[in-house]
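Colleague: I should like to request a close look at a single part of a model. Please take the part in question step by step, in terms that a first-year student can follow.

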Amino acid sequence: SRLINKSVEYVLVNKNFCAKEISKKYNVVTVLKDHKTIISDVNGNLYLNTTGNSGIAKGGSGDVLSGMIGSFLAQGYSAIDAVICAVYIHGMSGDECSQKFSDIAMTPSDLINNLPSVFLKFK
């Protein structure tokens, strides 16, 4: 909300518009985390990710996601592809951890430790 000078309530009601506005204003790929993550590219295209759960809405989980995005970028992925892949895999790991530990008990370390099994699904 601070990036576009709008209230949190406004952003929650206008998520798609706000994601596009941030991407266009700052010429970036935007990740708007919520129960369904919205991704916007600089051209105003929107992508909706449905993996993930409330267990990844805790301190440190965003750091894991940021590190994953950085890793994909370092491997040569475009910004939009890095974000789409990282958000999807991060959420998928969260979904698997939720089954193992519960949304309440899972930790960001659990997400990280579960990534190898998620990546094996894409062999």
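Colleague: In what kind of crossing, left-handed or right-handed, does H3 pass H5? Please describe this part closely, together with what surrounds it.

Modeller: The model is a predicted one, and H3 passes H5 in a right-handed crossing.

Some background is useful at the start. Two packed helices are described by the angle between their axes and the distance between those axes. For H3 and H5, the axes come within 9 Å and cross at roughly 40°. That angle makes H3 oblique to H5, because values from 35 to 65 degrees fall outside the ranges for roughly parallel and roughly perpendicular.

The residues that meet can now be named. H3 contributes Ser-61, Val-64, Met-68 and Phe-72, while H5 contributes Pro-108, Leu-111, Ile-112, Leu-115 and Phe-119. Sorted by class, the contact of H3 with H5 has 8 nonpolar residues, 1 polar residue and no charged residues.

One residue of H3 deserves separate attention. Val-64 lies in helix H3 and counts as buried, because its relative accessibility is 11% and buried means under 20%. Leaving aside neighbours within four places in sequence, Val-64 is in contact with His-90, Pro-108 and Ile-112. Of these, Pro-108 and Ile-112 are among the H5 residues that H3 meets, whereas His-90 is among the H4 residues that H3 meets. Val-64 can also be placed relative to Asn-53: the two are 11 residues apart along the chain, and their C-alpha atoms are separated by 15 Å.

The mention of His-90 leads to the next helix. H3 covers residues 61-74 and H4 covers residues 79-101; their axes come within 8 Å and cross at roughly 140°. That makes H3 oblique to H4, and the crossing of H3 and H4 is right-handed. From H3, the residues in this contact are Ser-61, Val-64, Leu-65, Met-68, Ile-69, Phe-72 and Leu-73. From H4, they are Ala-79, Ala-82, Val-83, Cys-85, Ala-86, Val-87, Ile-89 and His-90. By class, the contact of H3 with H4 holds 13 nonpolar, 2 polar and no charged residues.

H4 and H5 also pack against each other, at an angle of about 110° and with their axes 9 Å apart. That makes H4 roughly perpendicular to H5. On the H4 side, the contact is made by Ile-89, His-90, Met-92, Ser-93, Gly-94, Glu-96, Cys-97, Lys-100 and Phe-101. On the H5 side, it is made by Asp-110, Leu-111, Asn-114, Leu-115, Ser-117, Val-118 and Phe-119. The residues of the contact of H4 with H5 divide into 8 nonpolar, 5 polar and 3 charged.

With these contacts described, H5 can be examined in its own right. Helix H5 runs over residues 108-120 and has a kink of about 40° at Asn-114, shortly before the proline Pro-116. Its buried residues are Pro-108, Asp-110, Leu-111, Asn-114, Leu-115 and Val-118. What covers these buried residues includes H3 and H4. Asn-114, where the kink lies, is thus named among the buried residues of H5 and also takes part in the contact with H4.

The loop between H4 and H5 completes this part. Ser-102 lies in that loop. Most residues other than glycine have a negative phi. Ser-102, however, has a positive phi of about 90° although it is not a glycine. With a relative accessible area of 31%, Ser-102 is partly exposed. Ser-102 and Val-118 of H5 are 16 residues apart in sequence, and their C-alpha atoms are 17 Å apart in space.

For a second residue of this kind, one may turn to another loop. Asn-27 is placed in the loop between helix H2 (15-26) and strand S1 (30-32). Its phi is near 55°, again a positive value in a residue other than glycine. Asn-27 counts as exposed, at 59% relative accessibility, whereas Ser-102 is partly exposed.

Conventions:
Residues numbered from 1 in each chain as written. Predicted model: local features only at pLDDT ≥ 70, side-chain atom pairs only at ≥ 80, totals over all residues. Heavy atoms only, no water. Axes fitted to C-alpha atoms, helices over the stretch in contact; angles between N-to-C directions. Helix = DSSP H or I, 4+ residues; strand = E, 2+ residues; numbered from the N terminus. Parallel < 35°, antiparallel > 145°, perpendicular 65-115°, else oblique. Left-handed = near helix turned anticlockwise from the far one by under 90°. Contact = heavy atoms within 4.5 Å. Nonpolar A, V, L, I, M, F, W, Y, C, P; charged D, E, K, R; others polar. Bend = angle between axes of the 7 residues up to and from the residue. Buried < 20%, exposed > 50% of the residue type's maximum accessible area, 1.4 Å probe, protein only.
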